[in-house]
Amino acid sequence: MMYSPSPTSNSSIVLNGSALGEQLPQQIFIRREVIPPYNDIIWRIEYGAVRTLTWSEDGTFITLGYWGLGDLIGYPLSKVKPYQIECLTGVEVSIVPPHLWHQDINALLSHIQQTEDLLSIVHQKPISLRLWQFLVWLSEKFGRDVDKGKLIDLNVTHQDIAEVLNTTRVTVTRLLQQLEEEGTVLRHKRRIILRLPNKLMKNYSSAAC
């Protein structure tokens, strides 16, 4: 999907209250729509999930981050070119103007921390550990407790995961099958359930080193 310089006809703008104390315009996007990366706008996610990405000269996608409720996204937070914000679900965002950026320092710090977390995961070895830590990261960010474990409430394809982890879709599929055979991972309607309790996840990751 290539960058679109302006909102599509599916987008709409509404006004809602803001935790920052102002009425901020909000914009709604549909799944797979691209949010415009304006130079003077930061978007705050009020609902849904997006990923930020770039691509190499040969067209290979490089995922920069996954973002959800409360996260700040936008071109002012990155110097990477090209830069794209793709909606993974239906998304509602607030438009945060420059004069209010200083009021949301915690969200800006969180953006930096999450970027570094993901960068650390991407450089883990072996690839099996890299995959597991990414799944744990997704479960902490987008997960919810269900009877059988922690459901990653996001429809992420094997190709999406491969692009994050700098590997192939075939490798991701093979490793996920191994986790299923071990009983560590379950599938539920194209979503992934991690079966280990949260308190054991870090121990499992350390044992895999």
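**Notebook: helix α3, the sheet and the core**

I began with the sheet, in which 4 strands are arranged in the order β3-β8-β5-β6, forming an open sheet with antiparallel pairing. I noted that β3 (34-35) and β6 stand at the edges with a single partner strand each, so one side of each has no neighbour in the sheet. I keep in mind throughout that this is a predicted model.

Next I looked at one pairing inside the sheet, and found that β5 is joined by 4 bridges to strand β8 (residues 84-87), the two running antiparallel. As an example I picked R51, whose bridge partner in β8 is E86. I then saw that α3 packs on the sheet, where it touches β5 and β6, and that the direction of α3 makes about 100° with that of β6.

I turned to α3 itself and asked how many of its residues are buried. Helix α3 (residues 158-165) is mostly covered, with 6 of its 8 residues buried, and I listed these as D160, I161, A162, E163, V164 and L165. I looked up what they pack against, and wrote down β5 (50-55), β6 (61-67), α1 (105-122), α2 (127-142) and α4 (169-182). Just after α3 I marked N166, which takes a positive phi of about 55°.

Among these partners I followed α2, which packs with α3 at an angle of about 115°, the axes lying 11 Å apart. Since angles of 65 to 115 degrees count as roughly perpendicular, α2 is therefore roughly perpendicular to α3. I recorded the crossing of α2 past α3 as right-handed. Where the two helices meet, I found I127, R130, L131 and F134 on the α2 side, and I161, V164 and L165 on the α3 side.

I then asked which residues of the largest nonpolar core touch the most other members. Of its 28 residues, these are Y66, L131, F134, L135, L154, I161 and L176. I saw that α1, α2, α3, α4 and β13 (191-194) each supply at least two residues of this core, and that α2 gives the most, with 8 residues. I remind myself that, in soluble globular proteins, nonpolar side chains tend to be buried together.

I chose F134 for a closer look and, leaving aside its neighbours within four places in sequence, found it in contact with Y66, L118, I121, I161, V164 and L165. Finally, I noted that apart from this core lies another, of 15 residues, including I35, I73, I85 and V93.

Technical notes: Residues are numbered from 1 along each chain as its sequence is written. This is a predicted model: local features need pLDDT of at least 70, side-chain atom pairs count only at pLDDT 80 or more; totals for chains, interfaces and linings use all residues. Side-chain values use heavy atoms; hydrogens and water are left out. Buried means under 20% relative accessible area, exposed over 50%, partly exposed in between (1.4 Å probe, protein chains only). Contact means heavy atoms within 4.5 Å. A nonpolar core is a set of buried Ala, Val, Leu, Ile, Met, Phe, Trp, Tyr and Cys residues joined through side-chain atoms within 4.5 Å. Two strands pair if DSSP finds at least two bridges between them. Axes are lines fitted to C-alpha atoms, for helices over the stretch in contact, and angles run from 0 to 180 degrees between N-to-C directions. Angles under 35 degrees count as roughly parallel, over 145 as roughly antiparallel, 65 to 115 as roughly perpendicular and the rest as oblique. A crossing is left-handed if the near helix is turned anticlockwise from the far one by less than a right angle, and right-handed if clockwise.
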